[in-house]
Amino acid sequence: MEKKKKRSIIRGVILLVLACAIIYTIYNSATKDEVKVLADGDQAPNFELVDLEGNTHRLSDYKGQGVFLNFWGTWCEPCKKEMPAMERQYQQFKDKGVQVLAVNIAQSNFEVQKFVDEYNLTFPVVIDKTKSVMQAYNVGQLPASFLISPDGKVKRIPPGELSEEQIKSFMESIKPE
């Protein structure tokens, strides 16, 4: 008889915990803030991040230039394929008013520096340690690129991994006139 009583109490506690979890999930889903998804023509959210040398980069610092904003990770295979093409096109467009700003998602300085050295990257690489910029841009999968026009607006958000031809075409499209 004592065992049945203990078993009933344990089952009741488990059911109570499950019911609380379900209620919390429903409440959380119903009251969460809507994340604004960026679209072509929207003002690009400004941000401030630090590069591997300790220099601060703000998107607003690049006003008047086109910005190829790329979110990436060292573990991301498509990112590894894109980086050499981004570097080659950066060399072609940096003197024409188009900048590349590569935003790493919350990895260590050591991991990022090793990657930068391996791929001989010369454009600014910053680290989003808190993932706040990633959230502001509503980035899901990597790589994710945003084409920012010289007036600071999102010109285009191309999906996924980009070929070198696409990168070149996109940089041409955000070049100041």
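Contact here means heavy atoms within 4.5 Å. With that in mind, welcome to this structure, which is a predicted model.

## Two helices and what covers them

A good place to start is helix α3, which spans residues 109-119. Its buried residues are Val112, Phe115 and Val116. Looking down the axis of α3, these residues fall within an arc of 100°, so they line one face of the helix. They pack against β3, α2, β4 and β5, the last of these being residues 125-128. The face of α3 turned away from the buried side carries the exposed residues Phe110, Lys114 and Glu118.

Helix α5, residues 164-173, can be read in a similar way. Ile167, Phe170 and Met171 are buried there. Seen down the axis of α5, its buried residues fall within an arc of 100°, so one face of the helix is lined by them. Among the elements that cover them are β3 (66-72), α2 (77-93), β4 (98-105), β6 (144-148) and β7 (154-156).

## Backbone features to look for

Now for the backbone itself. Most residues other than glycine have a negative phi, and most peptide bonds are trans. Here are some places to compare with that.

Alanine 106 is not a glycine, yet it has a positive phi of about 55°. You will find alanine 106 in the loop between β4 and α3, and with 32% relative accessibility it counts as partly exposed.

Asparagine 120 sits just after α3 and takes a positive phi of about 50°, although it is not a glycine either. Asparagine 120 belongs to the loop between α3 and β5, and its relative accessibility of 57% makes it exposed.

The peptide bond between leucine 142 and proline 143 is cis, with omega at about -5°. Proline 143 is part of the loop between α4 (132-136) and β6.

## The disulfide

How many disulfides does a search of the whole structure find? There is one. A disulfide is a covalent bond between the sulfur atoms of two cysteines. In this model, cysteine 76 is joined to cysteine 79, with 2.3 Å from S to S. The link of cysteine 76 and cysteine 79 is right-handed, with 80° about the S-S bond.

Are the two cysteines buried or exposed? Cysteine 76 has a relative accessible area of 3% and is therefore buried. Cysteine 79 is buried too, because its relative accessible area is 1%. The cut-off for buried is under 20%.

## Salt bridges

Side chains of opposite charge can pair when their charged atoms come close. This structure holds five salt bridges, and the table shows some of them.

| Salt bridge | Closest N to O distance |
|---|---|
| Arginine 58 and glutamate 48 | 2.9 Å |
| Arginine 58 and aspartate 61 | 3.5 Å |
| Lysine 80 and glutamate 77 | 3.1 Å |

Glu48, Arg58 and Asp61 are linked in a network of salt bridges. In the pair formed by arginine 58 and glutamate 48, distant parts of the chain are linked: arginine 58 lies in strand β2 and glutamate 48 in strand β1 (residues 48-50), ten residues apart. Each member of the network is partly exposed: arginine 58 has a relative accessible area of 31%, glutamate 48 has 49%, and aspartate 61 has 43%.

Lysine 80 and glutamate 77 belong to helix α2, and because they are three residues apart there, about one helical turn separates them. Lysine 80 is partly exposed at 26%, as is glutamate 77 at 46% relative accessibility.

## On the outside

To finish, look at two places with accessible residues. Ile10, Ile14, Leu15 and Leu18 make a nonpolar surface patch of about 410 Å². Leucine 18 is found in helix α1, residues 2-31, and is partly exposed with a relative accessible area of 49%.

Then there is lysine 63, in the loop between β2 (56-58) and β3. Lysine 63 is exposed, with a relative accessible area of 55%. Which residues does lysine 63 contact, leaving aside its neighbours within four places in sequence? They are Pro150 and Asp151. Although lysine 63 and aspartate 151 are 88 residues apart in sequence, they are 6.1 Å apart in space, C-alpha to C-alpha.

How values were computed: Residues numbered from 1 in each chain as written. Predicted model: local features only at pLDDT ≥ 70, side-chain atom pairs only at ≥ 80, totals over all residues. Heavy atoms only, no water. Patch = residues over 30% accessible without salt bridge, like charges linked within 9 Å, V, L, I, M, F, W, Y side chains within 5 Å. Areas by Shrake-Rupley, 256 points an atom, 1.4 Å probe, with all protein chains shown as cover. Salt bridge = Lys/Arg side-chain N within 4 Å of Asp/Glu carboxyl O. Helix = DSSP H or I, 4+ residues; strand = E, 2+ residues; numbered from the N terminus. Buried < 20%, exposed > 50% of the residue type's maximum accessible area, 1.4 Å probe, protein only. Arc of directions from axis to C-beta. Disulfide = S-S within 2.5 Å.
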